[in-house]
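Have the model open in your viewer, with the sequence panel beside it. We will go from one selection to the next, and at each stop I will point out what is there.

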Amino acid sequence: KSVADLFSGVGTFALAVAARARVHAVEQDAPALAALAEASKAAGLKIADCALELKLLIEQIREQVQNIE
């Protein structure tokens, strides 16, 4: 199973789910991602993170909304 945790913050949900599924945590805030990476490492869990992906997703949504107007 794969799970995407959008706006994951420090990983409240990502860490809970990571023991049962592959988690892709998406967060723009660098300190939050660093805290999530540290917590997942300490727990022996592997969580993929991607800050840039969130920024690109938001830009795509903005473009689509502008095209509707």
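Start by selecting A14, A18, V23, A25, L36 and I47, shown with their side chains: these 6 residues form the largest nonpolar core of what is a predicted model. As background, nonpolar side chains tend to be buried together in soluble globular proteins.

Keep that core on screen and centre on L36. Leaving out residues up to four places away in sequence, L36 touches S8, G9, V10, G11, A14, L15, A25 and I47. Three of these partners, A14, A25 and I47, also belong to the core you have just selected.

**The whole chain**

Now zoom out and switch to a cartoon. You should find 3 helices and 3 strands, and if you follow them from the N terminus the order is β-α-β-α-β-α. Of the 69 residues, 28% are buried. Turn on a surface if you like: about 5000 Å² is exposed, with carbon and sulfur atoms supplying 57% of that area. Among contacts with a separation of 6 or more, 43% link residues 24 or more positions apart.

**Helix α2**

Next, select residues 30-42, which make up helix α2. The 13 residues of α2 should span 18 Å at 1.5 Å a residue, and the end C-alpha atoms are indeed 18 Å apart, so the two values agree.

Which residues of α2 are buried? Colour A32, L33, L36 and S40, and you have them. They lie on the same side of α2, because they cover an arc of only 95° around the axis. Turn the helix over to the face directed away from the buried side, and you will meet the exposed residues A30, P31, E38, K41 and A42.

Add A39 to the selection, also in helix α2. Its relative accessible area is 29%, so A39 counts as partly exposed. Draw a C-alpha to C-alpha distance from A39 to L15: the two are 8.0 Å apart in space and 24 residues apart in sequence.

Then look at both ends of the helix. At the N-terminal end, D29 acts as the cap, with a side-chain oxygen 3.0 Å from the backbone nitrogen of A32. Past the other end, α2 is followed by G44, which has a positive phi, near 75°.

**From α2 towards β3**

Step along to L45, in the loop between α2 and β3 (47-49). L45 has 23% relative accessibility, so it counts as partly exposed. Show what surrounds L45: setting aside neighbours within four places in sequence, its contacts are L15, A18, A19 and S40. Among these, A18 is a good one for a distance label, as its C-alpha lies 6.5 Å from that of L45 although the two are 27 residues apart in sequence.

A19, another of those contacts, is our next selection. You will find A19 in the loop between α1 and β2 (22-26). Is A19 buried or exposed? With 61% relative accessibility, it counts as exposed. From A19, a C-alpha to C-alpha line to A43 reads 9.6 Å, across 24 residues of sequence.

**Helix α1 and the loop before it**

Go back to helix α1 (residues 12-17) and pick V17. At 25% relative accessibility, V17 counts as partly exposed. Outside the residues up to four places away in sequence, V17 touches V3 and V23. The second of these, V23, is a residue of the core where the tour began. You can also label V17 to S2, which are 9.7 Å apart from C-alpha to C-alpha and 15 residues apart in sequence.

For the last stop, select F7, in the loop between β1 (2-6) and α1. Check its backbone: F7 has a positive phi of about 55°, although it is not a glycine. Finally, show the F7 side chain with the surface on. F7 is exposed, with a relative accessible area of 58%.

Conventions
Residues numbered from 1 in each chain as written. Predicted model: local features only at pLDDT ≥ 70, side-chain atom pairs only at ≥ 80, totals over all residues. Heavy atoms only, no water. Helix = DSSP H or I, 4+ residues; strand = E, 2+ residues; numbered from the N terminus. Buried < 20%, exposed > 50% of the residue type's maximum accessible area, 1.4 Å probe, protein only. Contact = heavy atoms within 4.5 Å. Areas by Shrake-Rupley, 256 points an atom, 1.4 Å probe, with all protein chains shown as cover. Expected span 1.5 Å × (residues − 1). Arc of directions from axis to C-beta. Polar contact = N/O pair within 3.5 Å; in protein donor to acceptor, adjacent residues only side chain to side chain. Core = buried A, V, L, I, M, F, W, Y, C linked by side-chain atoms within 4.5 Å.
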